Amino acid sequence: MHKSDSITVVLFVVFLLCQPLIAQSAKTVCPRPAAGSIVEEPDDLRSRDGVLVAELTANNAANADGSIRYCFTDGEGRESPNLRVSPGDLVVIHLKNELKDIGSGTASAAHHHSERNGATGDPCSSGIMSSVSTNLHFHGLTIPPVCHQDEVLKTSIQPGDAAFEYRFRIPDDEPPGLYWYHPHIHGFSKVPMLGGASGALIVEGLERAKRVTAGLPERVLIIRDQDLVNKNAAPAKSEPVVPKFLIDRDGDAANNGTGFGKPAKDLSINYVPVPYPDYPPAVIQMKPGERQLWRVLNASAITYLNLAILFGHTPQQLDLVGMDGVPMSHDDPEGEAVDPQTHLGLPPGARAEFIVTGPPEGETGLFVTRTVDTGPGGENDPNRALATLVASDEAPEPRSKLQSVPAPLPPAKEAWLGTVAPVRVRRLYFSEKLAVPNDPTSAVEFYLTVDGEEAKMFDMTSDIPNIVAQQGTVEDWIIENRSNELHAFHIHQLHFLLLDYMGKPVKENFLRDTVNVPYFNGRALSYPSIRLRMDFRDPNTVGTFVYHCHLLEHEDKGMMGSIRVEESPGRAEQAAGLCKVGGGSGCTIAPMRDKNSQ
Ligand SMILES: [Cu+2]
């Protein structure tokens, strides 16, 4: 071979080696549709023969304004896909971290436990929580809080780590409905969520519980928030003149109480942005008068939603069938009932599933979020459009349809939570405090405290849980809000029943995993509160996990606590073979041991 030939060969090999790099840099990471686009459904990854295998990669990229886009992509490049599973399915996800250290001031890392485990360590125990760490929380699923399933206190995957395997089974009795996945790195959850690091997980079979949905075409709509695209713009001329906006400590527009003005954050619907100040609506095409099941997730970091559909100025009926992944079916064995609403409040993290009827031929509707009064200390969540509903015979059908002839779900294994007596009542409260009490410019600290304990920010390094509960029991928790803004209470691993709201009993026929807690107005004689019945009956709740505010800047700044659910002693003895089948004195549940016993 001539020398020049070998150089040519070397150059050609170098060219070949560079090809993937060139191709990758030319491809946009986490691409986003333009404002006003048609709302496309996320791609579906469906389980096959009882198994869903997904290769997911956490990606990010900088926007021109310095904000960061995030997404999870699968091996085919599908962005933040829907994970569609059935009860009993095995889920295997290989998660690769390709996050880049971009953006300003976000690269600081908290190296909890790292001295014990080295710089990178075992992703199950490293506890390294930084802006480039990632992991997954499966919001709403009752699966064990252990590494490789749904554990977020220690599990953390770093860039350069091998793909990390999540492997868990969807419980046979997991209620069918809308769940979701997102990273849960303590102290660093807000930025990825604002950037779009979230996706839907659908447990199929809603039509088996709510036959009224059988055969309906369905849509998954993920509403996210993001930093304002037009930060310095004046409100649209069509808006009423409102008091000059104020900026809160996090740099967001503060609640002005008018329903108008600059929002704290922009919203997007399936990644189609609807930016302030003109809110150009995205487009949802429907056949005239068509009934569809909408599964709507509020994946916002801090924005409350109050959803409505308007034809002209008239709010339309939304036939609610499920909340937070739980069908409203325990008192509706035929599954034919709906709960008609004209607007649906969704705190960050919550979901609603409801039947929508499309506008008549040639007419349009408007999908909006109405204003939410978040309190004097809250952010501004004004009235705004999300999407125009365009009725046309040519509208394409949504990709998914519920089964037409569903087999009914097996009856619930456990008694309805509302009929089970709680073994105890606990009181918790949300509060906020200035880091330097007499300095209004100092940082705000956020607390979620068990009444009687010292209020302090959540400490990731502590192995002592704030609450210890017993598997097999149910408890009532009264949660107060002593601050002047809304908070959204969420607990991992389980659902609860809302019993009282502001001291008044409510009769809800469904369970939640995320709930709004009203703010203190400074004048009432007592703090506003809610009462929840917490369900620790499922053995999958055994272990240590967290409860927190789902407004992520509050969570990141310490508004979180941990709970350890202990295996019931009777159960442990049974497992160890000490009890005969059918019980005996040695098999009764021992008294509770609890550091918070009064
Ligand atoms: Cu909060």
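Buried means under 20% relative accessible area. Keep that cut-off at hand for the exercises below, which all work on a predicted model.

**Exercise 1. Find the disulfides, and say which parts of the chain each one links.**

Step 1. Start with the whole structure: a search of it turns up 2 disulfides.

Step 2. Take Cys30 and Cys71, whose sulfur atoms are 2.2 Å apart. That separation is within the 2.5 Å limit for a disulfide, and the two residues do form one.

Step 3. Place this pair in the fold. Cys30 sits in the loop between α1 (3-26) and β1 (44-46), while Cys71 belongs to strand β3 (residues 68-73). The two are 41 residues apart, and the bond links distant parts of the chain.

Step 4. Now the other pair: Cys124 is joined to Cys147, with an S to S distance of 2.0 Å. Cys124 is in the loop between α2 (114-117) and β7 (128-130), and Cys147 is in the loop between β8 (137-139) and β9 (164-169). Here, too, distant parts of the chain are linked, 23 residues apart.

**Exercise 2. Work out the handedness of each disulfide, then decide whether its cysteines are buried.**

Step 1. For Cys30 and Cys71, read the angle about the S-S bond: at -85°, the link is left-handed.

Step 2. For Cys124 and Cys147, the torsion is about -85°, so this disulfide is left-handed.

Step 3. Turn to burial. Cys30 and Cys71 are both buried.

Step 4. Cys124 has 19% relative accessibility and therefore counts as buried, since the cut-off is under 20%.

**Exercise 3. Which residues coordinate the copper ion, and which parts of the sequence do His487 and Cys549 tie together?**

Step 1. List the donors: His487 through ND1, Cys549 through SG and His554 through ND1, at 2.0 Å.

Step 2. Write their spacing as a pattern, which gives H-x61-C-x4-H.

Step 3. Locate the His487 and Cys549 pair. His487 lies in strand β31 (residues 487-491) and Cys549 in strand β36 (residues 543-549), so they tie together parts 62 residues apart in sequence.

Step 4. Check accessibility. His487 and Cys549 are both buried; Cys549 counts as such because its relative accessibility is 0%.

**Exercise 4. Describe the enclosed space and its lining.**

Step 1. Count the cavities of 30 Å³ or more: there is 1. The largest cavity has a volume of about 30 Å³.

Step 2. Name its lining, which includes Pro145, Asp150, Glu151, His492 and Phe545.

Step 3. Sort the lining residues of this largest cavity by character: 5 are nonpolar, 2 polar and 2 charged.

**Exercise 5. Set out the volumes and linings of the largest and second largest pockets.**

Step 1. The largest pocket holds about 1,200 Å³ of space. Its lining has 37 residues, with Asp173, Pro175, Pro411, Ala412 and Lys413 closest to the centre. The elements giving two or more residues to this lining are α4 (206-209) and β20 (326-327).

Step 2. The second largest pocket has a volume of about 720 Å³. Among its 36 lining residues, Asp65, Ser67, Gln226, Asp227 and Leu228 lie nearest the centre. The largest share of this lining, 4 residues, comes from α3.

Step 3. Finish with the character of each lining. The largest pocket has 19 nonpolar, 6 polar and 12 charged residues, and the second largest has 13 nonpolar, 11 polar and 12 charged.

Key. Residues are numbered from 1 along each chain as its sequence is written. This is a predicted model: local features need pLDDT of at least 70, side-chain atom pairs count only at pLDDT 80 or more; totals for chains, interfaces and linings use all residues. Side-chain values use heavy atoms; hydrogens and water are left out. Buried means under 20% relative accessible area, exposed over 50%, partly exposed in between (1.4 Å probe, protein chains only). On a 1 Å grid over the protein atoms alone, a cavity is a set of points where a 1.4 Å probe fits but cannot get out, and a pocket is an open set with protein on both sides within 12 Å along at least five of seven lines; lining residues have an atom within 4 Å of a point. Grid points are joined across faces, edges and corners, and a volume is the space filled by probe spheres set on the points. Ala, Val, Leu, Ile, Met, Phe, Trp, Tyr, Cys and Pro count as nonpolar, Asp, Glu, Lys and Arg as charged, and the others, Gly among them, as polar. Donors are N, O and S atoms within 2.8 Å of the metal (3.2 Å for Na, K and Ca); water is not among the atoms, so sites may look incomplete.
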